[in-house]
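Subject: Handing over the model, with notes on its sheets and helices

Dear colleague,

Here is the structure that I promised to pass on to you. Please have it open while you read, as the notes below follow it element by element.

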Amino acid sequence: MRYLDEFRDGDLARRLADDITRIVTRPWAIMEVCGGQTHAIIRNGIDQILPPEIELIHGPGCPVCVTPLEVIDQAIAIAARPGVIFCSFGDMLRVPGSSRDLFQVKSEGGDVRVVYSPLDAVRLAQAHPEREVVFFAIGFETTAPANAMAVHVARQHGVRNFSMLVSHVLVPPAIAAIMTAPRNRVQAFLAAGHVCAVMGLRGYPALAERFHVPIVVTGFEPLDVLEGIRRAVRQLEAGEARVENAYARVVTDEGNTAAQRMLAEVFEVSDRAWRGIGTIPGSGWRLADAYREFDAAIRFDVGGIRTAESPLCRSGEVLQGALKPNECPAFGTTCTPRTPLGATMVSGEGACAAYYHYGRFRAAAPTA
């Protein structure tokens, strides 16, 4: 904890905020890409100590939130089948599908289990050869290498009753989609440090140049976030647009090359739908042809499921930075972590959950 405490020092945080105040001369809109950064901002009151010229826009960097409704419904359909052990990280169990969630499937007798590693699911498959074991593989570049390794291990050991429902997404194409959106207001990005720890900085310089937008790779502690904002503001005020690494204690230019090799062997880039946003070209991974036998969507033939999003949920606008969570009429009333309308309220990295849990926000009064 001592190491972490160094990045949570209140006096240093106020000095960084004061420095940002001295630098800024006009309004700027900065998007933190990752939901972990959003929670750090709201939990630590970073938004409260910044000068009013700085607007923080919450990005779509929550893996649970952007998993498409169709894939949630596919997971529910597979988990409800007899003979299946459906494995997932715990934060996916309460994400609403079209009509129910995985918790309800479990309460109705489905064998839904929370695991802490995809390799736990492989071991379950080895222990239960008479059952089909499915792992729900979601997330960004951060979690994908471990999931790729699980598929690799399953094939290496001849585990044929293991498969994976894959919904992996990639950050750089999402940044391009945000910058080309008609309602875009983002002028700089705080890139997610853990994503860059895996993939390095490749992909970001081209985006900074193409859209003339500063991109600062940032960590998740309060001082990390404030330093990222300071560097972004400095670039904006100077009219610069380049990639800076403010998380050098974790991120290198080349990233984790062993993880990248595993990803390249098991996955291939594909178009991917994002919940609340739509399909972004080249923004996801699917299993490569050599590993397609482990694709649970094919094995259980769950394509073509008809979905129905709640008409009251506006999480898509939250994910695109077009709406603050407390500007949604359902926030904290019909939509709470116990009764979520959308994934942004139930996910541990969701922006709506951050606004709700830290108690500083209430639903905005309706306009006349």
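What follows is a description of the strands, the sheets and the helix packing.

Please bear in mind throughout that this is a predicted model.

I begin with the sheet of 5 strands, which is open, has the order β2-β1-β7-β8-β9 and shows parallel pairing. At its edges stand β2 (54-61) and β9 (243-245), each with a single partner strand, so one side of each has no neighbour in the sheet. Neighbouring strands in this sheet are turned against each other by 25 degrees on average, if direction is ignored. Within the sheet, strand β1 (residues 28-34) and β2 run parallel and are joined by 6 bridges; to find the pairing by eye, you can look for I30, whose bridge partner in β2 is L56.

The other sheet is also open, but it is formed by 6 strands in the order β4-β3-β5-β6-β11-β10, and its pairing is mixed. Its edge strands are β4 and β10 (267-274), each of which pairs on one side only, and the twist from one strand to the next averages 25 degrees.

Strand β3 is a convenient place to enter this second sheet. On one hand, 4 bridges join strand β3 (residues 84-88) to strand β4 (residues 111-114), the two running parallel, and the chain passes from β3 to β4 by way of helix α7 (residues 102-107) in a β-α-β crossover that is right-handed. On the other hand, β3 is joined by 4 bridges to strand β5 (residues 132-139), and this pair runs parallel as well. I85 is a useful residue to select here, since it stands opposite D111 in β4 and also opposite V133 in β5.

Turning to the helices that lie on this sheet, α9 lies across β5, β6 (162-169), β10 and β11 (278-287), and runs at about 155 degrees to β6. Helix α10 (residues 171-180) lies across β6, β10 and β11, and runs at about 175 degrees to β11.

Helix α9 also packs against other helices, and I would look at its contact with α14 before the others. Helix α9 (residues 144-156) and helix α14 (residues 257-266) pack at an angle of about 60 degrees, with 9 Å between their axes, which means that α9 is oblique to α14. The crossing in which α9 passes α14 is left-handed. From α9, the residues A144, P145, A148, M149, V151, H152 and R155 take part in this contact, and they meet A259, M262, L263, E265 and V266 in α14. Sorted by class, the contact of α9 with α14 comprises 9 nonpolar, 1 polar and 2 charged residues.

The contact between α9 and α8 can be set beside that one. The axes of helix α8 (residues 118-127) and α9 come within 8 Å and cross at roughly 20 degrees, so α8 is roughly parallel to α9, and their crossing is right-handed. Here P118, L119 and V122 in α8 meet A146, N147, A150, V153 and A154 in α9, and the residues of this contact divide into 7 nonpolar, 1 polar and no charged.

The last helix pair I would point out is that of α10 and α12. Helix α10 and helix α12 (residues 204-211) pack at an angle of about 10 degrees, with their axes 10 Å apart, and the two are therefore roughly parallel to each other. On the α10 side, V171, P172, I175, A176, M179 and T180 meet Y204, L207, R210 and F211 of α12; by class, this contact of α10 with α12 has 8 nonpolar, 1 polar and 1 charged residues.

With best regards

Conventions: Residues numbered from 1 in each chain as written. Predicted model: local features only at pLDDT ≥ 70, side-chain atom pairs only at ≥ 80, totals over all residues. Heavy atoms only, no water. Pairing = 2+ DSSP bridges. Right-handed = clockwise from strand over helix to strand, strands pointing away. Axes fitted to C-alpha atoms, helices over the stretch in contact; angles between N-to-C directions. Parallel < 35°, antiparallel > 145°, perpendicular 65-115°, else oblique. Left-handed = near helix turned anticlockwise from the far one by under 90°. Contact = heavy atoms within 4.5 Å. Nonpolar A, V, L, I, M, F, W, Y, C, P; charged D, E, K, R; others polar.
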